[in-house]
Amino acid sequence: MKKFFFALIVLLPLAGFCQGGLLGKLKQKVRDRAEQRADEGMDKALDKAEEGVKKEGTASKQKEEKSEGRTAAGEPKPATTTASFESYSHYDFIPGENIVYTEDFSQDVIGEFPLKWATSSRGETVTIKGRENKWLRMFQNGLFLSPYIKSLPENFTAEFDLVLNYTDQDLSYVFPELDLYLLNSVAGDEKGRNFFNSQSGLSAMKIAIGPAAEANSSIYLRSEKAGTETFSNSPKPLTRLGENYGQPVHFAIWVQKERFRLWMNGEKIYDVPQAVPENAAFNRIGLGVASSNYNEENVGYYITNIKFAQGSPDMRSKLIAEGKLVTTGILFDVNSDKIKPESFGVLQEIAKVLKENAAVNVKIVGHTDNDGDDAKNLDLSRRRAASVKQALATQFGIDASRMQTDGKGEAQPVSDNNTKEGKAKNRRVEFIKQ
């Protein structure tokens, strides 16, 4: 009986910093796949992974269906979020307040390599059965490079979702390492040729994940500046990775000058004071998949929902002193009012401000981008605001009488809805002091 393993990657890998230099010579076999499906191995793996959670999924769906309607007070009835927050109960990640780059590959054609990215080998845009959004599939022996990102400051955050899939009866081979990189690409290297061929002049922060069966996965860090190593550590166990095979895993990174922090599904993996090269000025991300003895059909690495943001919001000052706090860090499922668990850190920080200022009441206002129907967006924004109120009341103990809710749909954009970054800024929640 086949076993299926899904692992996750860490943002920006470029299989590199390996033997013989930062990047090894890569080659790869590829096959075209039909539109609107991932490879057969992934479909089978997902079918298997979804066995045993079918009842849970059905129950969750029924709960969401029952949540439609209005409360006695006339506010939209919010979705239930209790269960999804449990694994994030110690999550203290706060995303930056100014989004500078976001990518979900929505504009790319299924079966084609993403238009704005570069590779030394081969990858393709796919959908994954039972999962939202499009994904970039990265094959073995492949390096993948993002377009230029606005030069990141000393303080920035990065987030992304990753899936790693193995399908084979014989799992005795070593799984291919998955590397993710924060990069300072040299000037004039728009197409990444210098990066793929030579690493001279680069500053880079590498996060290397060694996926393995059960609880045997590991992770380590390494940094270089202009070809000179500035930091490295020994591999440490990444035991919870195995628990999450079969579903996307959310990674979050927070860089503050030389300090580096990394979370996986709410668990803090690293908090290292001097891991980042001094004055690195990262401007690109990279991903890399090493080789293995597994065939291409048996290994799948996938990434989506990449987001970079700069600056740490001072929530107390924004709400108490300025009277208005705006955040894009409260995330929801697509076209849903169900709050994603990675929103825990932001909600916790807002709850802390409200507890410290017990006389302050707030109005919670939801906003959407302009995708879809105006009326549906208006209703969705109101339901999302109601879900935030419920989460603050039930999960963090804030008196519900202190919070009113409203929604404006797409009517009050703060950025250009013609760009992905603009849309991401418009999908926001506002807290207005009353």
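**A pocket and two cores in a predicted model**

The second largest pocket is lined by 37 residues, and those nearest its centre are Asp104, Phe332, Val334, Asp369 and Arg427; a pocket here is an open set of points on a 1 Å grid over the protein atoms alone where a 1.4 Å probe fits, with protein on both sides within 12 Å along at least five of seven lines, and lining residues have an atom within 4 Å of a point. Helix 7 gives the largest share of this lining, 4 residues, while the elements that contribute two or more residues also include strand 4 (98–103) and strand 19 (299–310), helices (H or I, at least four residues) and strands (E, at least two) being DSSP runs numbered from the N terminus.

This is a predicted model, in which local features need pLDDT of at least 70 and side-chain atom pairs count only at pLDDT 80 or more, whereas totals for chains, interfaces and linings use all residues. Residues are numbered from 1 along each chain as its sequence is written, and side-chain values use heavy atoms, with hydrogens and water left out.

The largest nonpolar core (buried Ala, Val, Leu, Ile, Met, Phe, Trp, Tyr and Cys residues joined through side-chain atoms within 4.5 Å; buried means under 20% relative accessible area with a 1.4 Å probe, protein chains only) has 52 residues, with Ile253, Ile306 and Phe308 among those with the most contacts inside it. Strand 9 (residues 155–168) supplies the largest share of this core, 6 residues, and a second, separate core of 34 residues includes Ile339 and Val429. Over the protein, buried residues make up 53% of the 434 residues.

Conventions:
Buried < 20%, exposed > 50% of the residue type's maximum accessible area, 1.4 Å probe, protein only.
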